[in-house]
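The following exercises concern a ligand site, a sheet and the backbone of one protein chain. Please work through each task before reading its solution.

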Amino acid sequence: MSEKSVILVTGGTGLVGKAIQWVVENDSTYGKREGEEWVYLSSKDGNLIDPAATKAIFEKYRPTHIIHLAAKVGGLFGNMAANLDYFRDNLLINDNILHHAKEFGVKKVVSCLSTCIFPDKTTYPIDETMVHLGPPHDSNYGYSHSKRMVDVMNRAYHDQYGCNFTSVIPTNVFGPHDNFHLVNSHVIPGLIHKCYLAQQNGTPFIMAGTGRPLRQFIYSRDLAKLFIWTLREYKEITPLILSVPEEEEVSIKQLGDAIVKAMGYTGEYRFDTSKADGQYKKTASNKKLMSLNPDFKFTPFEVALNETVEWFKENVDSIRK
Ligand code: NAP
Ligand code: GFB
């Protein structure tokens, strides 16, 4: 990066944005470097669905680099209830960011996709070459198609204007500052909150689905380090999967057991099999990442889960729910 850079983090107040801020302020390897100014945006700084509000943000901050996180984000049940909103909001936000990044001469943009964008019917492990090879899972086709279009736009901005816009594909994320909503959240924050309420109220702890689906989970602070590394080091326009190894994939039942242990929950717990399972699995390969950044060490899952639970308990009165 050049001597003076302004790095704009859209969605800077969310799960991943807060983790990036934490790493920038605390990490000796991936933290803030001389000449860098980091700006963390929330929706209160401007609604990125709106082109005029987006332009005003670019005029105000004149970013040289962007980590683009802002999105309408939700778990399986949020997506199933509103595929159109997930499609439109994200399509508009992404178009506004990339269009203005080109207009304002931004040197590099790293946008955030998700492993749910890959084809549902596929071979495993999934790798970066497979983004457009078939329809995504039905539960989140709106969100997935809008995110896939970022890859199309990155390629076209590069081909037509020489822009250095790229993307990363994280697997399921968790950590401090997550959205702990009881319905629209992802599984880890949703179950931590439900387990907490079950313990408090002496009611059963009920998880959705069969517990059989498999997921890879990345700790938000590990993802934040990899995002910063991507901004500084990754040279390609094509996306890069940011995931823990395939061997660390766990079933939702194993996850439930881990949450019960981390929460110190002692009551009854069971599955409500009338609720959806969503995609069975989306096992992704981190081979490309590890070939480029071979020394990267992921936080052990149990350590990361304990830190998340600890953060939840300390902030339970002010969490997003
Ligand atoms: P999050 O916690 O829900 O945060 C979303 C962020 O986007 C917030 O800062 C929010 O601002 C901002 N935002 C939402 N709508 C906006 C709008 N219309 N205009 C301006 N800002 C807006 O989400 P996250 O989990 O950190 O997700 C970050 C990125 O990672 C997203 O691109 C998501 O698709 C991707 N991702 C997430 C996961 C996961 O498991 N969480 C997995 C794979 C990929 P406010 O705080 O003001 O509302
Ligand atoms: O976290 P989650 O919504 O992510 O759900 P997805 C993962 C699994 O956990 C599913 C089960 O099999 C759910 O049935 N589950 C059990 C629960 N209890 C709960 C609960 O209380 N809440 C939730 N949410 N799940 C999302 C996509 O899918 O993953 C998004 O819909 C995005 O588009 C995100 O990509 C990373 O992996 O199923």
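The structure is a predicted model.

**Exercise 1. Determine which residues come nearest to ligand 2, and describe the shell around it by class and by element.**

Step 1. The shell around ligand 2 holds 23 residues, and those that come nearest are Leu76, Val187, Lys194, Asp277 and Lys282.

Step 2. Sorted by class, eleven residues of this shell are nonpolar, eight are polar and four are charged.

Step 3. At least two shell residues come from each of α3 (76-81), α6 (187-201) and β7 (205-208).

**Exercise 2. Identify polar contacts of ligand 2, and state how much of its area the protein buries.**

Step 1. A polar contact requires a pair of N or O atoms within 3.5 Å.

Step 2. Two pairs involve the protein backbone: a polar backbone atom of leucine 76 is 2.6 Å from an oxygen atom of ligand 2, and a backbone N or O atom of alanine 276 is 2.7 Å from an oxygen atom of the ligand.

Step 3. A side chain also takes part, with an N or O atom of asparagine 172 at 3.0 Å from an oxygen atom of ligand 2.

Step 4. Ligand 2 taken alone exposes 700 Å², of which the protein buries 97%.

**Exercise 3. Explain why ligand 2 is said to lie between two domains.**

Step 1. Domain 1 comprises 5-172 + 218-244, and domain 2 comprises 174-215 + 247-282 + 299-315.

Step 2. Both domains give residues to the shell around ligand 2, and the ligand therefore lies between them.

**Exercise 4. Establish the strand order of the six-stranded open sheet, and find its edges.**

Step 1. The order is β2-β1-β3-β4-β5-β10, with parallel pairing.

Step 2. β2 (36-40) and β10 (240-242) are the edge strands; each has a single partner strand, so one side of each has no neighbour in the sheet.

Step 3. From one strand to the next, the twist averages 20°.

Step 4. At the β10 edge, three bridges join this strand to β5 (residues 165-170) in the parallel sense. Here proline 170 stands opposite leucine 242 of β10.

**Exercise 5. Locate the cis peptide bond and the positive phi of a residue that is not a glycine.**

Step 1. As a reference, most peptide bonds are trans, and most residues other than glycine have a negative phi.

Step 2. The bond between tyrosine 124 and proline 125 is cis, with omega about -5°. Proline 125 belongs to the loop between β4 (108-112) and α5 (141-161).

Step 3. Arginine 62 has a positive phi of about 45°. The loop between α2 (51-61) and β3 (65-68) contains arginine 62.

How values were computed:
Residues numbered from 1 in each chain as written. Chains lettered and ligands numbered in written order. Predicted model: local features only at pLDDT ≥ 70, side-chain atom pairs only at ≥ 80, totals over all residues. Heavy atoms only, no water. Near = heavy atom within 4 Å. Polar contact = N/O pair within 3.5 Å; in protein donor to acceptor, adjacent residues only side chain to side chain. Areas by Shrake-Rupley, 256 points an atom, 1.4 Å probe, with all protein chains shown as cover. Helix = DSSP H or I, 4+ residues; strand = E, 2+ residues; numbered from the N terminus. Nonpolar A, V, L, I, M, F, W, Y, C, P; charged D, E, K, R; others polar. Domains from an automatic or database assignment. Pairing = 2+ DSSP bridges. Axes fitted to C-alpha atoms, helices over the stretch in contact; angles between N-to-C directions.
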